[in-house]
Structures are given as C-alpha cells and as structure tokens.
Number of protein chains: 2
Amino acid sequence: MVKVNLQTKLLGANELIAMQNHKRFDEQGLLAINLMSSPGSGKTSILEKTIEALGGKIQIAVIEGDLYTDQDARRIENKGVPVIQINTDGACHLDASMVGKAFEDISAHSMNLLFIENVGNLVCPAEFELGEDCRAVVISVAEGNDKITKYPLIFQRAKVVLVNKIDLIEYTDFSIEQLKEDLARINPDVRVFYVSARTGQGIDAWAEWLLEEVARKRTKV
Amino acid sequence: MVKVNLQTKLLGANELIAMQNHKRFDEQGLLAINLMSSPGSGKTSILEKTIEALGGKIQIAVIEGDLYTDQDARRIENKGVPVIQINTDGACHLDASMVGKAFEDISAHSMNLLFIENVGNLVCPAEFELGEDCRAVVISVAEGNDKITKYPLIFQRAKVVLVNKIDLIEYTDFSIEQLKEDLARINPDVRVFYVSARTGQGIDAWAEWLLEEVARKRTKV
C-alpha cells in the first residue's frame, strides 16, 4: 500500500536527521528530553515548576511544539530561559527536521538541558525520533488507568513517566497499583515520578533525577 | 510537496466514502454522531451513562475506535447495545472506509442512533469525515482552558461540546467563562453540556437533546 511505503520512507529520512540532531546535542554536551503527553496532561506546567526547582543550577533551554499558538512558549519565556516555538501548522507531531531547524536558532545559548515539548498527542509523536537522549511521558490521574494499555508504544519507549495532578487522585478512580502493573508488563525499567505541577509535590525528586542525568551525560560525551 | 498532495488525495477519497456512509445512515433513518476527545476525557464513560439515561427509549448502536484493544467495546457491550470494534493498528484516527466496513457488520440491527467513538486524539480525527450527521467533542475540566485555542479545528467543526468531569471543577483552575469566550470566537452556535460521567450530573439534558435530534432526523429523511 502506498500509504505504508511512504510512511516507511518518511520515517527513514526522519531517523537520519534525528541522528544528526543527536550528534549536535552530544557536541554541546547537553541532555535532550522529548516531553510528550495527551493534550492537557500538564507538560508546560511541569516545565514551569521544573525550571523553578532547578533554579539556575544548570542551564536550560526549551523547544516548544504546538499546532498554531505560542501560548506555551510565552509561559516558558516568563521563567527566564531561552525558548523557541515550533508551530506545526496543524501537524500532529514534531519531527526531527523541525527540531533541527529550531535548534539552529537556539544553539548559540550555552545549555546543559534541552526540553523538547511535543504536540499534545499520545499516538503520532511516539513514532518520530527527534534525536533526544530520552523520552518523558506525562499522564494525569484524571485521564484514567487505561492509557498504558491503549497507547502502549509511547509508554514502551519512555525512560520516565510523570504521573501528574497527583493532588487530584482522591477525587478520581485512578489506581497507582494498576499503573505499576501495566508499566511492569510493557516497560519494567521505566522510572516513575508522582508529581503535581499545581502544588509542586514531587517536583524536587524529578529535578534531582534530571541533575544526575545531566551530570552523567557530561561525563559521557 | 509529496506529503501534502498525498494527503489531499487521501482526504478526497475519504470524503467520497464518507458521503456513501452518510447515505446509508440516511436510508436507515439513523442519527450518526462522531464522538471525539483527548485520551482520557471520558468518551466511553459518557456513552455508558448516556445509554443508561436513554434506557430503551431509542435503539442505539456503537462503533468503537481504538488502536489495539477492545476494552471500550466490552464496556459498551455490558450495557446491552450492539457494538463493533475497529482496531486501527496504531493509526491515529478513524477514516470513512473503516467506519463503512464496520457499519456493514452492524447494520442488520435496527437503530435510531449510532455513536462512532473515535481514537483519543484532538488533532488527526478532526480532518476526517466519517459520514456522521454531527460531531460531539468531549473536554475534561482537568485538561485546562487552553485546549480550544490550541486545537481549534476540532472545536470549530463540533455541533456539541461536552464539558466532562464537572464534579472536579472546584479542584482545578478551569474557567467556564473563559471556555464560553473561546468557543464564542470560533464556533458561536455550538451547544455546550456540562456533565460528569462519574456522578451522572448533566447527562439527562444531553440525553434529552439526543432524543430531539433523533426525532428531527427521522422526520427529515
């Protein structure tokens, strides 16, 4: 089928560009994290709190992906870190080429940690390597427990899962035991942080982990 | 660009099949609703409560779209209505051809109202007509207020917006005034229902509206 062949070709080209991006990230000695979730799980709010928690200990930059608006980029800019907006003009995911071009515009800044906030979507972004070191997927407890089994690819490839809106858990049917079981089945090594971008709960542990990973990356390259 | 041309062609073919689907729905005198949302907004839970609320007053059938699982179809089956599962095998939206084939397997049932539950995704499903009479989009108050401006296409084309998890609103920053402003700008005629699939709040008003629309469709065809 034409559709499948074309997708295979597009993915092949994307992976080549992703490898180039990764090489450039290595050359600058920075850790690049592809941050993904459903719309409204709280990616940008988590980034805001993370930047506050890391408070100048390392140099952070952000690439923001969104269909049309720059709302998220403006929120990040208010936190005082370099940020660049990619508008996909309706496309449902970031690809390596978009990220490569955006990185050119931001690479003059010195940085140890680059967050790439993907388009809000649990399906399409999972297929596209951007050149990142690792992927972090946010899930909100308000979304229910069945997301892991229904959207397995994005959770399989994640190094970290951030369980957000943990302050709301008592008002929902979300089960942490069920989450652990489902993740153990498809991605037993994944690291899980329970956070609330609203109250700040759990952000420190996640920020600590980021500092360790940044240090590890710097000794590696 | 190859990608754009191919998409145009695929959409053109999709629209032809969508028109055929619509003709078949008209011939059976049924109202078809394309139900869309982010993952975890509560489409299936709303369907469960809606089927209960309509309690045999009309004949309902459901086409369930999901990447891999049949979890949602099993939940609907437990409510005693005919249901058929479409697994998109990783694809991020339903298309008219999938729905046409699924409808063949369910069309022997007599029905007045057909729900087509789309894949959880605010981006890609908005582009694909399925032959439906109208679209209903679910948004949960836990997702925040910026979804309308960030994913405008899906909300522009909706006849109904169901604001779900309204029982959680006091624990979130969600503003109904902001929602009304944003919808008024892009889709002033949209009908909004405030519901909780968990407590049942607001489901009766939505069910009443469905009965009116089903009656209107039957007098029209």
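Colleague: Which residue stands opposite A:Arg135 of strand 5 of chain A?

Modeller: In this predicted model, A:Asn34 is the residue that faces A:Arg135 in strand 5 of chain A.

Colleague: What makes strand 1 and strand 5 of chain A a pair?

Modeller: Five bridges link strand 1 (residues 31–37) of chain A to strand 5 (residues 134–140) of chain A, and the two run parallel. Pairing requires at least two bridges, so the five bridges found here satisfy the criterion for strand 1 and strand 5 of chain A.

Colleague: Which strands of chain A stand at the edges of the sheet, and why does each have a side without a neighbour?

Modeller: The sheet of chain A is open and has seven strands, ordered 3-2-4-1-5-6-7, with parallel pairing. Strand 3 (83–87) and strand 7 (191–194) of chain A are the edge strands, and each has a single partner strand, so one side of each lacks a neighbour in the sheet. On average, and with direction ignored, neighbouring strands of this sheet are turned by 20° against each other.

Colleague: What does helix 4 of chain A touch when it packs on the sheet?

Modeller: Helix 4 (residues 96–106) of chain A touches strand 2 (60–66), strand 3 and strand 4 (113–117) of chain A, and the helix direction makes about 150° with that of strand 3 of chain A.

Colleague: Why are helix 2 and helix 8 of chain A called roughly perpendicular?

Modeller: Helix 2 (residues 43–54) of chain A packs against helix 8 (residues 203–220) of chain A at an angle of about 70°, with the axes 9 Å apart. Angles from 65 to 115 degrees count as roughly perpendicular, and helix 2 of chain A is therefore described in that way relative to helix 8 of chain A. The contact involves A:Ile46, A:Lys49, A:Thr50, A:Ala53 and A:Leu54 of helix 2 of chain A, which meet residues of helix 8 of chain A including A:Trp206 and A:Leu210. Sorted by class, the residues of this contact are eight nonpolar, one polar and two charged.

Colleague: How do you know what to call the crossing angle of helix 2 and helix 8 in chain B?

Modeller: In chain B the axes of helix 2 (residues 43–54) and helix 8 (residues 203–220) come within 9 Å and cross at roughly 70°. The range for roughly perpendicular is 65 to 115 degrees, so helix 2 and helix 8 of chain B receive that description. The crossing of helix 2 of chain B with helix 8 of chain B is right-handed.

Colleague: What makes strand 2 and strand 4 of chain B partners, and which residue stands opposite B:Phe115?

Modeller: Strand 2 (residues 60–66) of chain B and strand 4 (residues 113–117) of chain B are joined by five bridges in the parallel sense, and at least two bridges are needed for pairing, so strand 2 and strand 4 of chain B qualify as partners. Opposite B:Phe115 in strand 4 of chain B stands B:Val62.

Colleague: Which strands of chain B does helix 8 lie across?

Modeller: Helix 8 of chain B lies across strand 1 (31–37), strand 4, strand 5 (134–140), strand 6 (160–164) and strand 7 of chain B, at about 140° to strand 1 of chain B.

Colleague: How many residues of each chain are in contact, and what area is buried between chain A and chain B?

Modeller: The contact brings together 36 residues of chain A and 36 residues of chain B. About 3100 Å² is buried between chain A and chain B, and carbon and sulfur atoms give 57% of that area. Of the area that chain A buries against chain B, 20% is supplied by A:Pro39, A:Lys150 and A:Tyr171, which is more than any other three residues.

Note on methods: Residues are numbered from 1 along each chain as its sequence is written. Chains are lettered from A and ligands numbered from 1 in the order in which they are written. This is a predicted model: local features need pLDDT of at least 70, side-chain atom pairs count only at pLDDT 80 or more; totals for chains, interfaces and linings use all residues. Side-chain values use heavy atoms; hydrogens and water are left out. Axes are lines fitted to C-alpha atoms, for helices over the stretch in contact, and angles run from 0 to 180 degrees between N-to-C directions. Helices (H or I, at least four residues) and strands (E, at least two) are DSSP runs, numbered from the N terminus. Angles under 35 degrees count as roughly parallel, over 145 as roughly antiparallel, 65 to 115 as roughly perpendicular and the rest as oblique. A crossing is left-handed if the near helix is turned anticlockwise from the far one by less than a right angle, and right-handed if clockwise. Contact means heavy atoms within 4.5 Å. Buried area is the accessible area (1.4 Å probe) that two parts lose on being put together, summed over both. Ala, Val, Leu, Ile, Met, Phe, Trp, Tyr, Cys and Pro count as nonpolar, Asp, Glu, Lys and Arg as charged, and the others, Gly among them, as polar.
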